[in-house]
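Trainee: I am new to this structure and would like a close look at a single part, the packing in its interior. Could you take me through that part slowly?

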Amino acid sequence: MVPLDKVIVEDAGVSLAGNKRAAAVTNHVAVVGCGYWGKHLVRNFAQLRALRLICDSDEQLLQAQAALYPQAQLNHSFAEVLADPEVQAVVLATPAVLHYAQVKQALHAGKDIFVEKPLALHYSEGVELVELAAARNTILMVGHILEYHPAVSLLKDFIKRGELGQVLYLYSNRLNLGKVRQEENILWSFAPHDISVICSLIGAEPIEVSASGGSYLQSGIADVTVTNLVFDDGVRGHIFVSWLHTYKEQKLVVVGDRKMAVFDDTAREGKLKIYDKGIEWRAGLPVPRQTAETTLFFEELEPLRLECEHFLDCIGNRQQPLTGGQKALTVLKVLEACQISLERGGGAVRLDELTDGVHK
């Protein structure tokens with residue numbers, strides 16, 4: 001058996017003072033969309049005493065949330081939410097196809113915004129929104145939730161300190177049976193999580209991507225995709241996502257020239273492990289090296305709670321979010337380049353094609 005060393009790390013998440021800062025924006029947040037994911041945002045902002053209003057066009061969904069949070073106002077009209085002077089911030093948990101138009105309307109209304117990923121469905125639209133937010137001095141945050149996971153924060157710190165040595169490659173699997181969507185493919189639904197984390201860990205965006213996949217349930221909507229990322233320093237990554245899989249898996253592997261790391265978000269215990277493994281050259285031959293396995297323990301904090309607290313903190317201090325506009329643009333640029341690659345049958349796409357406005 002490989003010896004198991006245990007390292008306990010406390011408070012490895014984003015440094016926040018949520019309860020103290022939340023008081024500055026108490027009862028000034030409106031959550032728009034209270035369905036599959038929106039209900040969790042409603043819950044968190046209610047618990048943080050920041051929820052003023054819940055908005056949804058579905059009366060049944062709205063009444064279900066009203067029964068849980070009777071202190072919140074209800075509204076079916078997005079326009080009326082934006083016109084409410086008591087609403088300082090809008091949280092959008094609506095279909096991705098609506099994000100561009102709704103974020104733009106909210107920015108023109110002078111609201112701070114937390115929108116679930118992706119920011120938009122086209123890079124050019126994302127650029128427009130980020131520039132508009134900057135011009136109006138408005139907080140714009142995108143819900144790339146994994147960047148608020150304590151394990152990811154800890155892993156990022158380990159890489160930054162050189163504990164893994166030089167990072168060689170990364171791969172991520174995000175697999176499940178469902179939730180199948182009709183308005184977007186698996187790439188746009190699942191892969192943003194992994195793109196944001198991989199780019200954050202590397203500290204850069206890739207220079208080139210390629211993506212291939214298959215549509216089995218609905219014509220033209222990919223159920224499975226494999227994405228390859230190439231960074232300018234030789235680091236490579238790949239992302240495998242599927243909602244047509246036999247079991248649930250959410251795993252990220254980082255391979256360095258000294259050590260390796262595995263983040264398994266579906267594990268009940270030991271979600272983050274460091275493996276002192278690698279290849280050594282002896283007498284001109286590559287020999288595997290296997291020594292210790294280290295489990296890193298951290299405080300079990302809900303990433304969504306940390307994300308919501310961070311948004312309130314940014315509102316109160318007028319600071320740029322961890323997952324602000326520029327990071328959202330990186331993810332959006334990679335997604336659009338991957339979509340172009342899918343449509344080309346898996347051919348490589350350079351990201352500067354998007355910034356130069358060339359889509360060949």
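Mentor: Please keep in mind throughout that this is a predicted model. The largest nonpolar core has 75 residues, and those with the most contacts inside it are Leu-155 and Val-254. If we set aside the neighbours of Leu-155 within four places in sequence, Leu-155 is in contact with Leu-164, Leu-201, Leu-252, Val-254, Ala-261 and Leu-272. Another core, of 29 residues, lies apart from that one, and Ile-54, Ile-145, Tyr-148 and Ile-315 are among its residues.

Aromatic rings deserve their own look, and the count of aromatic pairs comes to four. In one of these pairs, the rings of Phe-45 and Phe-311 have their centres 6.3 Å apart and their planes at 80°, which is over the 60 degrees required, so the pair is edge-to-face. Phe-45 belongs to helix α2 (residues 38-47) while Phe-311 belongs to helix α9 (residues 303-317), so the pair ties together parts that are 266 residues apart in sequence. Phe-45 is buried, with a relative accessible area of 0%, and Phe-311 is buried with a relative accessible area of 0%. Together with Phe-114, Phe-45 and Phe-311 form one aromatic cluster.

A charged residue can be buried here too: Glu-147, placed in the loop between β7 (140-143) and α7 (150-160), has a relative accessible area of 4%, and because this is under 20%, Glu-147 counts as buried. The side chain of Glu-147 makes a polar contact with the side chain of Lys-327, at 3.3 Å.

Key. Residues numbered from 1 in each chain as written. Predicted model: local features only at pLDDT ≥ 70, side-chain atom pairs only at ≥ 80, totals over all residues. Heavy atoms only, no water. Core = buried A, V, L, I, M, F, W, Y, C linked by side-chain atoms within 4.5 Å. Buried < 20%, exposed > 50% of the residue type's maximum accessible area, 1.4 Å probe, protein only. Contact = heavy atoms within 4.5 Å. Helix = DSSP H or I, 4+ residues; strand = E, 2+ residues; numbered from the N terminus. Polar contact = N/O pair within 3.5 Å; in protein donor to acceptor, adjacent residues only side chain to side chain. Phe/Tyr/Trp six-rings, centres within 6.5 Å; stacked < 30°, edge-to-face > 60°.
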